[in-house]
Amino acid sequence: VLYPGTYVIAPGETVSSVVERAGGLTELAFPEGAIFSRQSVAERESERASAFAAEIRRNYASQLLTQETTSQSSIEIGEITEQIESAISKGRLIIDLPSALAGDELSDYEAENGDELSIPRLSSTIYVVGEVKQASTHIFQPRLSVEDYINLSAGFTKRADRKGIYIVRANGSVLPYKSRDYRNWW
């Protein structure tokens, strides 16, 4: 945005109106890659992580009491659950900022105290990760397909789930990859 910073929000104010007050997007902005975080979502994520860690502990204790075989030690379970509970929740919400800025009311969220919106610079790279022979970053070329980018990363490994390919877009949304000639995936 033209004037990045912290803004006081009025009741009922939307994300698009805050962007407008911040001077709007610059020519270098990449609104499709906007990252929107909300404190209340981060708090719920932390609560769910704590509940999940407690469930793991209960299941482990139940296995010990019923003498089921388990390959994990209590130390390993403790370390795993501690990592789950100490993970920092981001509270990320997937938004369609271009639609919100274009006036789509369903895409334009009401701002809350503590919300954060980060609009990155335009990126022209594609990251290929997972069960490919060489995880790598490529310059985006609209004429290339998903398979082309996989081939540029030396192809699949033997363990690859070729039916389980998915695309993570810049805003964090996830698309299942279904078609061999699916070229409008970006």
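A pocket and a surface patch

The second largest pocket has a volume of about 510 Å³. The model it belongs to is predicted. Rolling a probe the size of a water molecule over the atoms shows where empty space is left.

Which residues surround this space? The lining of the second largest pocket consists of 20 residues, and those nearest its centre are Gly5, Tyr7, Val18, Asp115 and Leu117. Two elements, α1 (15-21) and β3 (116-118), each give two or more residues to this lining. The largest share, 3 residues, comes from α1. Sorted by class, the lining of the second largest pocket has 13 nonpolar residues, 4 polar ones and 3 charged ones.

The second place to look at is on the surface. There, Tyr166, Val168 and Val174 form a nonpolar patch. Together these residues have about 320 Å² of accessible area.

Now take one member of the patch, Tyr166. Tyr166 lies in strand β6, which covers residues 166-168. Is Tyr166 buried or exposed? Its relative accessible area is 54%. A residue counts as exposed when this value is over 50%, so Tyr166 is exposed.

Tyr166 can also be placed relative to another residue, Lys178. Tyr166 and Lys178 are 12 residues apart along the chain. In space, 8.6 Å separates their C-alpha atoms.

To follow this on the structure, start at α1, which gives the pocket lining 3 residues. Then turn to strand β6 and find Tyr166, which forms the nonpolar surface patch with Val168 and Val174.

Note on methods: Residues numbered from 1 in each chain as written. Predicted model: local features only at pLDDT ≥ 70, side-chain atom pairs only at ≥ 80, totals over all residues. Heavy atoms only, no water. Patch = residues over 30% accessible without salt bridge, like charges linked within 9 Å, V, L, I, M, F, W, Y side chains within 5 Å. Areas by Shrake-Rupley, 256 points an atom, 1.4 Å probe, with all protein chains shown as cover. Salt bridge = Lys/Arg side-chain N within 4 Å of Asp/Glu carboxyl O. Helix = DSSP H or I, 4+ residues; strand = E, 2+ residues; numbered from the N terminus. Buried < 20%, exposed > 50% of the residue type's maximum accessible area, 1.4 Å probe, protein only. 1 Å grid on protein atoms, 1.4 Å probe; cavity = no way out; pocket = protein on both sides within 12 Å on 5 of 7 lines; lining within 4 Å. Points joined across faces, edges and corners; volume = space filled by probe spheres on them. Nonpolar A, V, L, I, M, F, W, Y, C, P; charged D, E, K, R; others polar.
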